[in-house]
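Here is a brisk report on one structure. Have the sequence and the model open as you read.

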Amino acid sequence: MLHPIGWAAFGPPAENAAIARGVHPAVWTYDNIAQMKAQLRQLGFSYDWTREIATCDPSYYKWEQMVFTRMFEKGLAYRKSTTVNWCPSCETVLANEQVEDGLCWRCGSVVELKVMDGWFFKTTEYTEELLEYTNKLKDGWPERVLAMQKNWIGKSTGAEIDFPLEETVGGESGLRIFTTRPDTVFGVTYMSIAPEHPLAAQLIKGKPEEKEALKFIKRITKQSSLERIAEGAKKEGVFTGTFAVNPFTGGRIPVYIANFVLVEYGTGIIMCVPAHDQRDFEFAKEYGLPIVPVIEPEGTKLRAEDMTGAYEEPGVMVNSEQFSGLPSESGKEKIIEYIEKKKIGKRRVNYRLRDWGISRQRYWGAPIPIVYCDTCGVVPVPDKDLPVELPLDIEFTGKGGSPLAKAESFVNTVCPECGGKAKRETDTMDTFVESSWYFLRYASPHFNEGMFDKKEVGYWLPVDRYIGGIEHAILHLLYARFYTKVLRDLGMCDLDEPFTNLLTQGMVIKDGAKMSKSVGNIVDPDDMIKKYGADTVRLFMLFAAPVQKDLDWSDEGIEGAFRFLNRLWRLISDRFPKIEPLKGKTPDADKLSVSGKDLLTKVHKTIKKVTDDLEKFQFNTAIAVVMELLNDTSRIIPAGDEDVKVVRESVEAMVRLLYPIAPHVSEELWSELGYKGSLVDEPWLEWNKGLVAGAAITVVVQVNGKVRAQLTMDADVSDEEMKEAAFADEKVRGYLAGKEPRKVFVVPKKIVNIVV
RNA sequence: GCCCGGGUGGCGGAACAGGUAGACGCAAGGGACUUAAAAUCCCUCGGGUUCGCGCCCGUGCCGGUUCGAGUCCGGCCCCGGGCACCA
């Protein structure tokens with residue numbers, strides 16, 4: 001088993017601290033690491049510190065840079081100019097996954113849309129595989145995480161169809177659109193193109209509408225992503241002055257520029273069917289465009305003038321020439337077959353997922369290993385010159401963009417190919433790139449002939465048990481899956497997926513809100529450790545809620561955990577210090593009193609339950625049963641020496657069962673109990689199967705499904721004996737009142753239900 | 001709108017595989033110990049009813065299947081999360 005730890009050490013917080021307080025990001029980062037490390041050690045986590053890594057170390061990011069150059073060579077890393085998400089506060093570009101409701105995931109600022117050059121990873125190369133594997137991960141991943149990823153990938157099937165233009169524009173003789181509803185093609189009454197689409201400006205060139213349309217484009221493209229979303233209700237557009245032709249009807253179709261068309265999705269141009277698409281409907285109403293129904297619900301006639309909204313459900317095709325009368329679902333197929341035969345379009349699958357923009361206009365990150373040469377163009381840095389180290393001698397002003405771009409000695413370099421003057425790329429990589437492969441590095445953290453030792457990765461990976469927060473359901477978990485597949489295809493490993501089982505643990509909540517400095521509801525672990533000790537903190541956190549759920553921090557709750565450990569401590573040090581260690585010898589069951597025997601049974605049932613629960617990560621219930629055992633053990637009054645031994649056995653069991661949860665206290669009590677050496681060297685306890693199976697059982701007797709009596713019986717009781725005992729019971733007889741039972745159900749060793 | 005979760009005491013949460021609902025803990029109330037307090041220990045703690053034994057009701061709501069439903073099925077309501085002008 002490998003239980004490693006490391007630090008995602010790059011990122012804007014360190015740089016922001018440098019700007020605000022004049023501390024170098026590196027100093028700030030390593031200070032924080034030292035503090036965190038001390039805290040983790042105090043808490044007694046069993047990390048393998050020999051494998052510790054920090055992603056800001058050049059010996060780490062060097063390999064990431066090398067992989068970048070390989071990806072570049074394969075076209076999986078590429079540069080393009082496009083509309084990107086810009087966070088004005090972080091002063092950097094964000095990937096689509098890092099924008100939440102139009103706001104920056106990190107700082108919450110309103111994200112602006114900007115056209116910029118940047119580097120991208122071609123996640124879309126793996127879209128279908130990423131989607132397909134969500135089905136294979138089903139056994140180990142929470143349903144909702146997979147659902148989120150599927151959602152994010154957003155597969156939709158349909159067709160691309162070419163609509164010829166009346167006259168050629170900018171070298172284009174037609175407009176290609178994507179639709180999921182080819183069955184509605186006879187109802188097209190206009191088309192729309194995204195304002196950002198390069199062809200939009202071409203379509204209006206020289207037209208009377210040009211001036212008006214240009215103004216519109218300018219206004220819309222200036223809006224932030226938040227405005228574009230928020231104004232969702234209001235559909236706006238302008239006529240381009242250009243017409244296309246419906247290839248099915250030959251009809252003349254006006255082309256609009258419309259604010260609701262997304263340039264990045266599909267082809268950035270759509271056919272508009274107001275009768276069967278709500279958005280198209282609203283736009284048509286606004287601009288007085290015709291509405292032509294071509295799908296009708298079975299047995300109903302649709303009339304454009306009566307419609308108050310689009311009819312989006314399936315139905316029967318009408319007004320569609322030879323396709324009329326077909327159900328819309330099979331109509332889709334027929335239309336697609338038709339366009340493929342006539343070569344005016346083709347079947348097409350579209351995804352929402354877009355390529356991962358990894359350029360960050362920030363200093364504290366791994367430099368992108370690229371050099372720009374006037375002669376040779378874009379040149380990747382050769383392996384022998386890696387890593388491209390982040391220069392530490394930098395001035396942080398917080399103004400005017402990335403400090404890297406102003407570091408002359410960094411920027412100016414020579415071209416690795418021609419030796420001439422060249423300039424370095426000054427963008428750094430998104431920190432999610434580092435976190436996309438650190439788990440592989442753990443397999444061979446000190447390997448210096450490559451990113452990782454393939455043999456070691458083959459041995460340790462995939463991760464059997466990956467634990468992280470739900471907030472990375474899409475971000476980190478999608479990127480890591482993608483990156484792993486890239487590494488596989490570069491021949492570096494044989495993994496299809498990095499994480500077999502995923503456990504999304506909850507956050508610690510205080511007063512109904514996520515703990516944060518700005519809200520001021522922070523509970524400092526150091527304070528808690530000082531007051532109660534690490535074990536109390538551990539115990540409480542594991543006990544208060546199942547790991548998957550958020551944990552409500554409660555000052556009273558932690559007191560309860562503290563009380564429990566103290567009770568155990570007192571039981572051992574005050575009441576039973578003089579009894580000799582059992583050293584594995586179990587008391588003689590025959591010499592025990594009834595309560596002694598009950599306790600012995602309880603001890604072994606507890607061992608079984610804790611073992612099972614830990615296996616299932618159900619720490620809260622595991623702790624609860626140990627608490628029960630402590631209650632029972634404290635209450636017993638031993639009837640003889642053999643009973644005392646049971647108490648001793650119970651105490652020893654509790655200490656050992658609690659070891660993974662409260663290691664410090666357990667070790668201490670273990671030696672208090674007279675044992676030498678550490679519990680870490682002791683094997684896990686096993687329960688006595690005979691004792692657990694042979695224990696007396698409670699049989700419930702129901703009359704007409706209602707519980708009327710509880711009988712204590714032997715574990716090997718037969719159905720017949722259960723029945724007899726049930727009918728013999730006085731209380732039960734009272735309920736039967738002499739009536740003949742109509743039926744008797746017996747659940748072996750559990751229940752007798754008498755129906756009268 | 002679509003897709004996932006989830007609704008159990010005052011609270012956090014238990015309940016294998018349809019078989020005693022509320023384990024364990026917190027809070028609350030009462031009592032013991034103490035000059036007093038803290039700590040500790042004991043009792044009560046879903047609702048109604050009863051002097052009590054007990055009885056009736058109760059797992060968001062309505063219905064169904066079953067000898068028996070928190071658990072299964074159908075319909076609805078509410079809460080949380082994800083996606084969303086995705087053509």
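## Cysteines

C107 is partly exposed, with a relative accessible area of 37%. C493 is buried, and its relative accessible area is 2%. Keep in mind that this is a predicted model.

How many disulfides are there? The count is 0. C107 takes part in none; the cysteine sulfur nearest to that of C107 belongs to C87, 3.5 Å away. A disulfide requires the two sulfur atoms to lie within 2.5 Å, so a pair at 3.5 Å does not qualify. In general, a disulfide is a covalent bond that joins the sulfur atoms of two cysteines.

## The surface near the RNA

RNA strand B is surrounded by 53 residues. The closest are T180, K235, R279, Y735 and N753. Sorted by class, this surface has 20 nonpolar residues, 19 charged and 14 polar.

Several helices and strands each supply at least two residues of the surface. The helices are α5 (143-153), α18 (555-575) and α20 (619-635). The strands are β9 (172-179), β29 (697-703), β30 (706-713), β31 (743-747) and β32 (751-755). Which of the elements gives the largest share? That is α20, with 6 residues.

## Polar contacts to the RNA

Which parts of RNA strand B lie within 4 Å of the protein? Sugar or phosphate accounts for 63% of those RNA atoms, and bases account for the rest.

Three contacts illustrate the mix of partners. At a base, the side chain of K235 places an N or O atom 2.3 Å from an oxygen of RNA strand B. K235 is also among the closest residues to the strand. At a sugar or linking oxygen, the partner is a polar backbone atom of A544, at 2.5 Å. At a phosphate oxygen, the partner is a polar side-chain atom of R708, at 3.2 Å.

## Around L614

L614 sits in helix α19, which covers residues 594-615. Is L614 buried or exposed? L614 is buried, because its relative accessible area of 18% falls under the 20% limit.

Leaving aside residues up to four places away in sequence, L614 touches F619, A622, P660, I661 and W684. L657 is 43 residues from L614 along the chain. The C-alpha atoms of L614 and L657 are 10.0 Å apart.

Key: Residues numbered from 1 in each chain as written. Chains lettered and ligands numbered in written order. Predicted model: local features only at pLDDT ≥ 70, side-chain atom pairs only at ≥ 80, totals over all residues. Heavy atoms only, no water. Near = heavy atom within 4 Å. Polar contact = N/O pair within 3.5 Å; in protein donor to acceptor, adjacent residues only side chain to side chain. Helix = DSSP H or I, 4+ residues; strand = E, 2+ residues; numbered from the N terminus. Nonpolar A, V, L, I, M, F, W, Y, C, P; charged D, E, K, R; others polar. Buried < 20%, exposed > 50% of the residue type's maximum accessible area, 1.4 Å probe, protein only. Contact = heavy atoms within 4.5 Å.
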